[in-house]
Amino acid sequence: MSGLDKIIQDIKAQADAKAGELLAAAKEKADAVIAEAQKDADKQMADAEEKARRDSDQVIERAHSSAQLRQQKMILEKKQELIEQVMDKAKETIRGLSDEDYFSMIEKMASRFSLSEPGVIRFSKKDLDRLPAGFADKIRQAVGGDVKVAEEPADIDGGFVLGYGGIEENCSVDAMFRSEHEGLQDCVAGILFKEEA
């Protein structure tokens with residue numbers, strides 16, 4: 001082997017060794033980059049899974065809350081229906097009282113809402129037709145003033161309308177229930193739903 005061949009062979013051996021070192025270093029660096037990329041990918045995947053879990057938990061929680069609100073609204077509506085049915089039944093019960101009980105109640109109401117001046121009390125056609133004998137005198141005595149029973153019926157379904165000059169006090173059954181509606185609702189609800197309170 002000549003000297004030149006030996007030099008070429010040494011250069012080639014050194015180049016191969018250097019290339020081997022460079023390849024090993026490059027492979028090591030590539031492995032580190034791949035490992036780092038895998039670590040980042042795993043973290044991103046874990047973060048995405050956690051976010052998806054949180055998001056699904058929130059969706060489930062919102063759906064649960066929404067369902068609870070709908071349920072509470074339905075219960076409240078049903079309670080309200082029951083209260084209104086009881087109040088309607090109470091009105092019917094008042095209108096269906098015996099003549100004696102009904103007109104006794106009318107006397108008490110008239111004394112409560114009357115003024116100490118001349119006036120007129122008007123009844124529905126149904127009540128005018130069933131006024132007990134001497135009831136006009138009982139009303140005057142109950143109110144402590146000059147109140148006449150009008151022959152013209154009022155457009156009401158039970159109760160009465162008291163008129164003094166240009167002022168009228170609507171004491172019909174419907175008007176009384178309307179004016180006391182909130183308090184009556186609370187009272188009925190307290191009776192119907194007392195176990196829930």
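## Exercises on a predicted model

Asp47 is partly exposed, with a relative accessibility of 41%. Keep that in mind as you work through this predicted model.

**Exercise 1.** Find the salt-bridge partner of Asp47 and say whether that partner is buried or exposed.

*Solution.* Start at the side chain of Asp47: it meets Lys43 in a salt bridge, at 3.0 Å from N to O. Next, place the pair: both sit in helix α1 (residues 3-95), four residues apart, about one turn of the helix. Finally, check the accessibility: the cut-off for exposed is over 50%, and Lys43 has 51%, so Lys43 is exposed.

**Exercise 2.** Work out which residues Arg95 pairs with, and where they lie.

*Solution.* First look within helix α1: Arg95 and Glu92 form a salt bridge (3.1 Å, N to O), and they are three residues apart. Then look further along the chain: Asp157 also forms a salt bridge with Arg95, at 3.4 Å between the closest N and O atoms. This pair links distant parts of the chain, since Asp157 is in the loop between β2 (147-149) and β3, 62 residues from Arg95. Now compare burial: buried means under 20%, so Arg95 at 11% is buried, while Asp157 at 42% is partly exposed.

**Exercise 3.** Describe how strands β3 and β4 are joined.

*Solution.* Begin with the pairing: β3 (residues 159-164) and β4 (residues 167-172) run antiparallel, over six bridges. One bridge to spot is Tyr164 with Ile167 of β4. Then look at the turn: two residues separate the strands of this hairpin, and Gly165 there has a positive phi of about 65°.

Definitions and conventions: Residues are numbered from 1 along each chain as its sequence is written. This is a predicted model: local features need pLDDT of at least 70, side-chain atom pairs count only at pLDDT 80 or more; totals for chains, interfaces and linings use all residues. Side-chain values use heavy atoms; hydrogens and water are left out. Two strands pair if DSSP finds at least two bridges between them. A salt bridge is a side-chain nitrogen of Lys or Arg within 4 Å of a carboxyl oxygen of Asp or Glu. Buried means under 20% relative accessible area, exposed over 50%, partly exposed in between (1.4 Å probe, protein chains only).
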